[in-house]
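Colleague: I am new to this structure and would like a close look at a single part of it, the enclosed space inside. Please start there and then work outward to whatever surrounds it.

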Amino acid sequence: MTSIEIRRAEAGDAAAIGAVLQESFVEFKSLYTDGGFAATALGAEQILIRMREGPVWVALRDGVVLGTVAAVAKGESVYIRGMAVLPAARGLGAGSALLREVVSWAFCGGYKRLFLSTTPFLDSAIRLYERFGFRRMAEETQDLSGTPLFGMEKIL
């Protein structure tokens, strides 16, 4: 079995990243509001905008994009967003490899904290974040166009 490769995304990856986001979250679409789903399952143009705001990485196996994650610096912190792994690729280590890459990038950049927002129904993602030392933040629940969210953070 071929191992998972992580690399920085390039503009030519935008459509594949959009497809990963769509396919990864479509099984949960009924739990999102329409606006919340649209803000989660971004298209290629929105991915290109994110690439200008901060690094985006892809997880590949045999040259096929299986997962993605993006980060944006906010002061001494790094906000993790757009993390997704194709349903068929879950359990192969792509999510862990992507998170290791972001944590390493943030640590090497001298950032003090990582944080993210997630929905309460993404159980496997929440378990992954917890395994990496993320803890639920005490602040009140937020929402994304009516879809409930809560924050998690990891102090570096």
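Modeller: Searching the whole structure, which is a predicted model, turns up 1 cavity of 30 Å³ or more. The space in the largest cavity comes to about 40 Å³. Its lining is made by Ile17, Leu21, Ile47, Arg50, Val56, Thr68, Val69, Ala70, Arg81 and Gly82. The elements that supply two or more of these residues are α1, α3 (44-53), β3 and β4. Of the elements, β3 gives the most to this lining, with 3 residues. Rolling a probe the size of a water molecule over the atoms is what shows where empty space remains.

From the cavity, the strands can be followed. Strand β3 covers residues 64-74 and is joined to β2 by 6 bridges, the two running antiparallel. Within this pairing, Trp57 has Val69 of β3 as its bridge partner, and Val69 is also among the residues that line the cavity. Strand β2 (residues 56-61) is mostly covered, with 5 of its 6 residues buried. Strand β1 (residues 5-8) also pairs with β2, in the antiparallel sense and over 4 bridges. There the bridge partner of Ile6 is Ala59 in β2.

The link from β2 to β3 is a hairpin with 2 residues between the strands. Asp62 lies in this loop. Asp62 counts as exposed because its relative accessibility is 58%, and the cut-off for exposed is over 50%. Its phi is positive, about 55 degrees, although Asp62 is not a glycine. Most residues other than glycine have a negative phi. Ser145 is another residue other than glycine with a positive phi, near 50 degrees. Ser145 sits in the loop between β7 (142-144) and β8 (147-155), and with a relative accessibility of 47% it counts as partly exposed.

Ile17, one of the residues lining the cavity, leads on to the nonpolar core. The largest such core has 50 residues, and those with the most contacts inside it are Ile17, Ile80, Leu99, Leu114 and Phe134. Helix α4 gives the most to this core, with 7 residues. Phe134 touches Ile80, Leu99 and Leu114, and also Phe115, Leu116, Tyr129, Met152, Glu153 and Lys154, leaving aside neighbours within four places in sequence.

Helix α4 itself spans residues 94-108, 15 residues in number, and reaches 21 Å from its first C-alpha to its last, close to the 21 Å expected at 1.5 Å a residue. Its buried residues are Ala94, Gly95, Ser96, Ala97, Leu98, Leu99, Val102, Val103 and Ala106. An α-helix has 3.6 residues a turn, so residues three or four places apart point the same way. Before the helix, Gly93 lies in the loop between β4 (77-85) and α4. Gly93 counts as partly exposed because its relative accessible area is 30%. After α4 comes Gly110, with a positive phi near 80 degrees.

The open space can be set beside the enclosed one. The largest pocket has a volume of about 840 Å³. It is lined by 37 residues, of which Phe25, Met83, Leu122, Ala125 and Tyr129 are the closest to its centre. The elements giving two or more residues to this lining are α1 (14-25), α2 (34-40), β4, α4, β5 and α5. Tyr129 is also one of the contacts of Phe134.

Phe25 is in turn a contact of Thr40, along with Leu21, Tyr32 and Leu144, leaving aside neighbours within four places in sequence. Thr40 lies in helix α2 and counts as buried because its relative accessibility is 15%, where buried means under 20%. Leu21 brings the path back to the cavity, as one of its lining residues.

Tyr32 is also in contact with Thr119, whose other contacts are Ile126, Thr147, Pro148, Leu149 and Phe150, again leaving aside neighbours within four places in sequence. Thr119 is placed in the loop between β5 (113-118) and α5 (123-131). Although it lies in a loop, Thr119 counts as buried, at 3% relative accessibility. Thr119 and Cys108 are 11 residues apart in sequence, and their C-alpha atoms are 29 Å apart in space.

Notes: Residues numbered from 1 in each chain as written. Predicted model: local features only at pLDDT ≥ 70, side-chain atom pairs only at ≥ 80, totals over all residues. Heavy atoms only, no water. Expected span 1.5 Å × (residues − 1). Buried < 20%, exposed > 50% of the residue type's maximum accessible area, 1.4 Å probe, protein only. Core = buried A, V, L, I, M, F, W, Y, C linked by side-chain atoms within 4.5 Å. Contact = heavy atoms within 4.5 Å. Pairing = 2+ DSSP bridges. 1 Å grid on protein atoms, 1.4 Å probe; cavity = no way out; pocket = protein on both sides within 12 Å on 5 of 7 lines; lining within 4 Å. Points joined across faces, edges and corners; volume = space filled by probe spheres on them.
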